Amino acid sequence: MDNLINICHQIEIGGYKVNYVKVGHGPIAIFCFPGLLASPRFTCKDLIGRFEADGDKYTFYAWDTPGYFLSRLPIRKESDISFDADVELCAEFLKTLGHSECVIIGWSAGGQTGIQFAIKYPQVVQKLIVWGTWDLFESDHLTFHHDHRDLKNLKEEYLEERLMAHGLTFEELEYHWHAWFDMIEREHFNQDVNIWNKKFKKIQCPTLIIAGDDDPFGPIAQSQHLHRQIENSNFCIWFFRLEIITGAPHWMQITHLDEVYNHMIDFLK
């Protein structure tokens, strides 16, 4: 899918003018959290194309994260830099569009938002799919996290592309990038694992976790731990699946699109 302009829409929620993609007209509504400070134009473009091709089965939504990209009117408020803020904005988004139930999917940090949405709004989430995400940071993961907190460590073309898309200066983007990374570290490192495990057990919907064995940001061990905690709830074990893709990196929805999409569609049947 080379051009998303024709399928973009805008809606006002929570004081933000939110730009979003909508494809398909099927009976199963799907909402996608595209990642940290992300736009589906960068992180999920090809995946959107697959769901558009199956548009008789699915109605697929993905937003430019409120406060950023084409949803940057206004730019994100400092008080809204949290997963919980995105959860509440998504709840308002779905309600405004008339969806009382929905499949929630999320990549990377978007997977964390999806998990927290499923915990807080179990009555809304029919199924949950996350990939390239994590549960709690360990020391080696924290080192990787710190390396990526520094924008100067990103590839130059990646950084320039996002500066142009966000319409921000380097200093402005760096401020928001650091604020999100610091929030993630506070919530996911050196926390009581028992508290988080109790949270995970609140997930009531069928859940699919997809992990790549070459993904340093979402290590398999963390996906396995997350899977065990959800699986140990009082529901049928086959409702909670973990699929590992050999050779898949963090951006597996781009490099291993067929495998990622096939796992999703098989789970949604």
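Below, a trainee and a mentor talk through a predicted model, moving from its sheet to its helices and then to two single residues.

Trainee: Let's start with the sheet, then; how many strands form it, and in what order?

Mentor: Keeping in mind that this is a predicted model, eight strands form an open sheet in the order β1-β2-β4-β3-β5-β6-β7-β8, and the pairing is mixed. The edge strands are β1 (8-13) and β8, each of which pairs on one side only. From one strand to the next the twist averages 20 degrees.

Trainee: And what packs on the sheet, touching β2, β3, β4, β5 and β6?

Mentor: That is helix α2 (residues 45-53), whose direction makes about 55 degrees with that of β2. Helix α3 (residues 83-96), for its part, lies across β1, β2, β3, β4 and β5, and runs at about 110 degrees to β1.

Trainee: Back to the edge for a second: do β1 and β2 run parallel or antiparallel?

Mentor: β1 and strand β2 (residues 16-23) run antiparallel and are joined by six bridges; as an example of the register, Gln-10 has Asn-19 in β2 as its bridge partner.

Trainee: What about β5, is that one buried or exposed?

Mentor: Six of the six residues of β5 are buried, so the strand is largely enclosed by the rest of the structure. The cover is on both faces, with Cys-102, Ile-104 and Gly-106 buried on one side and Val-103, Ile-105 and Trp-107 buried on the other.

Trainee: Why do the residues split between two faces like that?

Mentor: Because in a regular strand the side chains alternate between the two faces of the sheet.

Trainee: Okay, and how many bridges does β5 make with β3 and with β6?

Mentor: With β3, the strand β5 pairs in the parallel sense over four bridges, and six bridges join β5 to β6, again running parallel. Gly-106 is a useful residue to follow here, since on one side Gly-106 is the bridge partner of Phe-33, while in β6 the bridge partner of Gly-106 is Val-130.

Trainee: Going on along the sheet, which strands does β7 pair with?

Mentor: β7 pairs in the parallel sense with strand β6 (residues 125-131) over four bridges, and also in the parallel sense with strand β8 (residues 240-245), there over six bridges. Within these pairings, Trp-131 has Ile-210 of β7 as its bridge partner, and Leu-208 stands opposite Arg-241 in β8.

Trainee: How many residues of β7 are buried?

Mentor: Six of the six residues of β7 (residues 207-212) are buried, and the strand is mostly covered. Thr-207, Ile-209 and Ala-211 point one way, whereas Leu-208, Ile-210 and Gly-212 point the other way, all of them buried.

Trainee: Switching to helices: how far does α4 reach from its first C-alpha to its last?

Mentor: Helix α4 (residues 109-120) has twelve residues and reaches 17 Å, close to the 16 Å expected at 1.5 Å a residue. Ten of those twelve residues are buried, so α4 is largely enclosed by the rest of the structure; among the buried ones are Gly-110, Gln-112, Ile-115 and Phe-117.

Trainee: At what angle do α4 and α8 pack?

Mentor: α4 and helix α8 (residues 193-200) pack at about 65 degrees, with their axes 9 Å apart, which means that α4 is roughly perpendicular to α8. The contact is made by Gln-112, Ile-115, Gln-116 and Ile-119 of α4 together with Trp-196, Lys-199 and Phe-200 of α8. By class, four of the residues in this contact of α4 with α8 are nonpolar, two are polar and one is charged.

Trainee: And α9, what span should it have?

Mentor: At 1.5 Å a residue, the twelve residues of helix α9 (residues 220-231) should span 16 Å, and the end C-alpha atoms are 16 Å apart, which agrees. Buried residues in α9 include His-225, Leu-226, His-227 and Ile-230.

Trainee: Last topic, single residues: where is Arg-50, and what does it touch?

Mentor: Arg-50 is in helix α2 and is partly exposed, with a relative accessible area of 28%. Not counting residues up to four places away in sequence, Arg-50 touches Leu-257, Asp-258 and Tyr-261.

Trainee: And is Lys-269 buried or exposed?

Mentor: Lys-269, in the segment after α11 (257-268), counts as exposed at 74% relative accessibility. The C-alpha atoms of Lys-269 and Met-252 are separated by 22 Å, the two residues being 17 residues apart along the chain.

Notes
Residues numbered from 1 in each chain as written. Predicted model: local features only at pLDDT ≥ 70, side-chain atom pairs only at ≥ 80, totals over all residues. Heavy atoms only, no water. Buried < 20%, exposed > 50% of the residue type's maximum accessible area, 1.4 Å probe, protein only. Helix = DSSP H or I, 4+ residues; strand = E, 2+ residues; numbered from the N terminus. Pairing = 2+ DSSP bridges. Expected span 1.5 Å × (residues − 1). Axes fitted to C-alpha atoms, helices over the stretch in contact; angles between N-to-C directions. Parallel < 35°, antiparallel > 145°, perpendicular 65-115°, else oblique. Contact = heavy atoms within 4.5 Å. Nonpolar A, V, L, I, M, F, W, Y, C, P; charged D, E, K, R; others polar.
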